[in-house]
Amino acid sequence: FPPSTYIKMWADTQRELDAMLQREREEFLQPEEDLEKAMKTLGTVYVQYLEMFRRLEAAHAHLLHQQKRAAVRAALDGVIGRLLEIKREMVALDKSECHHMDGILMELKRVPEDIEIPIPEYFIKENLRILQEREEYLDEILLNAGLLKQEPVRAMTLEEGIKVIQVAERARQGRARAAFMKRIYLEEKRQSKKQDQETGKNPDDAATCIQKVWRGYSQRRRTERLREEEMIFLGMNSSEMINGTGSLPPDVEAMSCLQKANVLQGEVQRREEISFRQELRTTEGPHIKETLQDQITQCFLECRHVTGRFPDYPPEKTGGSKAIFIEKHPEQVIEELAAKKEAEKQEKDGKNQEKAKAKKPEKAAGKQVVELGWKMGPSNFLPMLEEGSAQYQVFWEKRDNRWDFLQDHDPELIKGGEREEVEEEIRVQVDEVMQEKLLNIKKALDGETGPQGKAKKGEKVRAASWEHGEAVSIPCPVMSLACRTIDSLYQELAEEGLLIKVQHVHLSDYIGYHDCVRSTLRETGAQPLPSIPEVRQLVALYGILPLGSQTVHENAPLVKSLLLAGPAGVGKKMLVHAICTETGANLFNITASNLAGKYPGREGLMMMLHMILKVGKELQPSVVWIQDTEKMYSKGPSKGEEEMNFKRLAKLLPQFLKALKPKDRVLLVGTSRRPFDANPGPFCKAYQKIILIPKPDYLTRFGKYFTLWKHYILQGGGALTKLVNLNCLAQVSDGFTQGHVVDVVHTVLTELRLLQMDRKPLRTAEFVTSLARHDPVYREEEETFQ
């Protein structure tokens with residue numbers, strides 16, 4: 001669509017969003033005694049916010065105006081965060097992660113596909129260059145370490161070689177034949193001219209020649225006009241003159257206008273890509289650098305005049321030279337310390353009250369809820385949505401050219417936002433120069449040779465633990481990580497096999513369809529397993545959306561850990577890689593088999609977690625994956641060193657999760673095939689959200705549009721004929737997982753079988769025979785998961 005369509009989409013969505021904010025102010029402030037009515041209200045608002053989310057994401061992806069995109073982005077982040085807050089309230093009311101939404105969808109005249117969670121494009125697009133460079137760097141490290149095999153150059157088969165030679169030989173023969181015919185034509189033309197000169201042409205021959213030339217010219221003109229119309233229809237040309245009047249047919253004229261709009265959109269896009277940051281570096285960079293150096297030098301001189309010695313240069317962790325320019329009076333410092341102590345005291349009292357409430361019987365809590373009713377909790381995103389509404393008013397009420405998508409940006413507003421980042425980049429460079437300069441001055445005047453207080457080798461020092469403010473004894477191997485760069489830690493983790501390459505799969509590749517039978521079962525009071533679309537929604541809500549946006553992660557309900565549980569082959573590993581693909585996250589694998597022989601002992605595991613935490617926070621978003629995580633919490637004694645280290649890791653995970661703050665986009669994801677083998681107490685305490693993944697149902701195995709069997713057979717290079725009964729395959733594969741289907745297809749579609757495809761089509765019996773060698777997920781195991 002043209003940009004004006006997306007601008008109108010933004011305007012319509014913003015008006016709906018303003019109406020929704022007014023409704024929330026009026027309705028959600030009052031407590032609701034009827035919990036079913038409250039649940040229905042939340043579900044309706046959830047669907048409406050989801051529709052706004054989809055529209056705003058489309059507008060943000062296609063708008064060209066940089067400042068309008070920023071305004072849409074603010075509203076988009078606010079809607080995403082509000083969606084997560086409403087989901088939290090729905091889970092608290094319904095006591096379940098999956099909800100019955102069919103009645104609400106029917107009232108709103110929506111289909112089940114409308115509650116699918118879209119993945120914003122800016123998660124990847126805004127950091128595409130950085131992600132590509134990081135992926136190339138990781139490939140280089142893995143290749144040098146021998147952990148990644150280069151794709152072998154495929155040798156050309158005999159048939160392919162013969163085909164290439166045939167194509168080249170036929171082309172040579174065609175060129176030779178054309179040259180030979182051209183010589184014959186020229187020879188005949190010379191003979192004809194010679195005869196005409198000798199005998200002369202009669203009037204009939206002259207008329208025939210004139211007619212031949214005119215008809216050829218007329219046909220060429222007609223053919224050229226038809227070709228031009230076709231090119232314009234396909235969007236490959238924009239000629240204005242088709243016939244003598246200069247007008248176009250209505251449909252062709254519409255396509256021509258669309259082509260012009262696309263050309264103008266490209267010009268605006270190129271204008272948007274002008275780097276204001278580079279301009280600021282060139283024009284204001286030298287002045288900023290000189291000013292910073294003068295201010296830092298003046299601070300050093302004043303400090304030496306007061307204390308008699310030059311100060312130590314502030315480390316980068318505390319902000320570098322930023323700490324020098326923080327000028328506070330002693331009274332302000334005392335007030336800040338008192339306020340901090342008061343806040344810590346209130347937080348401690350709040351935690352004690354929560355613990356006391358948790359110890360009360362559940363019946364009393366339920367009675368209190370019934371008596372008091374439900375009331376919407378406070379929101380961190382309503383102010384953000386109101387701010388986005390204010391920005392919308394700036395663009396749509398104070399500007400006359402509201403529909404002009406060629407409207408230029410306001411350079412000063414853009415420079416104001418970029419100037420802070422440019423100053424930060426220059427400050428880092430100035431810190432390096434001034435730190436070296438300060439050391440030289442100290443050496444020349446005071447006789448100091450370097451920073452004081454270095455710890456000796458093997459000595460334990462008192463340092464800040466993972467959580468700021470808590471002092472513990474940490475061995476020097478862990479403290480040595482502070483002196484190492486992120487690149488060196490990144491390389492070590494990759495060479496040790498802990499930082500692995502992400503498989504490029506998307507969440508939409510996890511095939512599954514909405515099943516109305518599950519909704520019928522929920523109406524009867526039963527709790528069926530979640531469907532595959534519900535699994536996709538939960539993974540998107542708890543994994544992808546918070547990791548993709550820094551604003552959403554800092555303000556939305558914080559989810560630090562996620563567990564994917566289900567039988568073998570249902571796609572748990574695929575979902576982990578899908579989370580990383582959709583958000584551009586690093587993937588750390590700390591599975592028991594992957595830790596064998598690496599970082600032994602408690603100190604080694606602690607250092608490993610420190611490395612992962614440091615790299616994950618610096619290069620966020622990041623995902624820490626633990627496969628077969630139930631083994632960490634198994635009830636029996638440890639059998640070997642590998643399992644012992646894995647159980648030691650379980651004791652360190654609470655500290656690891658405690659170190660994660662809302663600003664850190666790091667997610668712990670565990671996958672489990674037998675969660676019922678673990679000790680439920682610490683196991684459920686380690687994972688905030690647990691998603692149960694079912695085996696595929698009949699609609700997934702044989703859907704209306706795209707089936708599981710059809711997808712993998714075509715993906716493997718097979719051809720479907722009437723001899724392959726997909727309905728039969730769907731029936732006999734009841735109880736089998738997606739992994740079984742993939743394994744069967746790969747077993748049948750070998751390279752030799754693909755070569756025989758033309759003369760020997762695929763048959764249903766081939767897949768059934770291979771499927772019979774696998775064991776399905778029996779009902780007893782499925783009931784154990786429930």
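# A guided tour of the chain

Start by selecting Trp374, which sits in the loop between helix H13 (362-372) and helix H14 (382-397). Before going on, please keep in mind that this is a predicted model. Is Trp374 buried or exposed? With a relative accessible area of 10%, Trp374 is buried, because buried means under 20%.

Now show what surrounds this tryptophan. Leaving out residues up to four places away in sequence, Trp374 touches Gln30, Pro31, Glu32, Leu35, Ala38, Leu42, Glu89 and Leu93. Add Glu33 to the selection too: the C-alpha atoms of Trp374 and Glu33 are separated by 6.1 Å, although their positions lie 341 residues apart along the chain.

**Zooming out**

Return to the whole chain for a moment. You have 786 residues on screen, of which 39% count as buried. The chain has 32 helices and 8 strands. Take the contacts between residues at least 6 apart in sequence: 80% of them join residues at least 24 apart. If you switch on a surface, the chain exposes about 46500 Å², and carbon and sulfur atoms supply 54% of that area.

**Helices H2 and H3**

Next, select residues 35-62, which form helix H2, and residues 66-94, which form helix H3. A pair of packed helices is described by the angle between the two axes and by the distance between them. At what angle do H2 and H3 pack? The angle is about 155°, and the axes are 9 Å apart. That makes H2 roughly antiparallel to H3, since angles over 145 degrees are given that description. The crossing of H2 and H3 is left-handed. Colour the contact of H2 with H3 by residue class and you will find 20 nonpolar, 2 polar and 7 charged residues.

While you are here, pick Ser4 in helix H1 (residues 3-27). Ser4 counts as partly exposed because its relative accessibility is 26%. Draw a distance from the C-alpha atom of Ser4 to that of Ala59: the separation is 9.9 Å, for two residues 55 apart along the chain.

**Backbone stops: Lys95, Lys109 and Pro621**

The next stops are about the backbone, so here is a little background. Most residues other than glycine have a negative phi, and most peptide bonds are trans.

Select Lys95, in the loop between H3 and helix H4 (102-107). Lys95 is not a glycine, yet its phi is positive, near 55°. At 71% relative accessibility, Lys95 counts as exposed.

Move on to Lys109, placed in the loop between H4 and helix H5 (122-125). Lys109 also has a positive phi, about 60°, without being a glycine. What is the relative accessible area of Lys109? The value is 75%, and Lys109 is exposed.

Now jump to Pro621, found in the loop between helix H23 (601-618) and strand E6 (622-627). Is the peptide bond from Gln620 to Pro621 cis or trans? That bond is cis, with omega near 5°.

**Helices H17 and H23**

Keep H23 selected and add helix H17 (residues 486-495); the axes of H17 and H23 come within 10 Å and cross at roughly 120°. That makes H17 oblique to H23. The crossing of H17 and H23 is left-handed. To see the contact, show these side chains:

- From H17: Ile486, Leu489, Tyr490, Glu492 and Leu493.
- From H23: Met611, Ile612, Lys614, Val615 and Glu618.

By class, the contact of H17 with H23 has 7 nonpolar, no polar and 3 charged residues.

**Helix H27 and its partner H29**

For the last stop, select residues 708-715, helix H27. Which residues of H27 are buried? They are Leu708, Trp709, His711, Tyr712 and Ile713. Just after H27, look for Gly717, which takes a positive phi of about 95°.

Add helix H29 (residues 738-748): the axes of H27 and H29 come within 10 Å and cross at roughly 35°. H27 passes H29 in a right-handed crossing. On the H27 side the contact is made by Leu708, Trp709, Tyr712 and Ile713. Facing them from H29 are Gln738, Val741, Val742, Val744 and Val745. The contact of H27 with H29 divides into 8 nonpolar, 1 polar and no charged residues.

Conventions. Residues are numbered from 1 along each chain as its sequence is written. This is a predicted model: local features need pLDDT of at least 70, side-chain atom pairs count only at pLDDT 80 or more; totals for chains, interfaces and linings use all residues. Side-chain values use heavy atoms; hydrogens and water are left out. Axes are lines fitted to C-alpha atoms, for helices over the stretch in contact, and angles run from 0 to 180 degrees between N-to-C directions. Helices (H or I, at least four residues) and strands (E, at least two) are DSSP runs, numbered from the N terminus. Angles under 35 degrees count as roughly parallel, over 145 as roughly antiparallel, 65 to 115 as roughly perpendicular and the rest as oblique. A crossing is left-handed if the near helix is turned anticlockwise from the far one by less than a right angle, and right-handed if clockwise. Ala, Val, Leu, Ile, Met, Phe, Trp, Tyr, Cys and Pro count as nonpolar, Asp, Glu, Lys and Arg as charged, and the others, Gly among them, as polar. Buried means under 20% relative accessible area, exposed over 50%, partly exposed in between (1.4 Å probe, protein chains only). Contact means heavy atoms within 4.5 Å. Accessible areas come from the Shrake-Rupley method with a 1.4 Å probe; for residues, only the protein chains shown count as cover.
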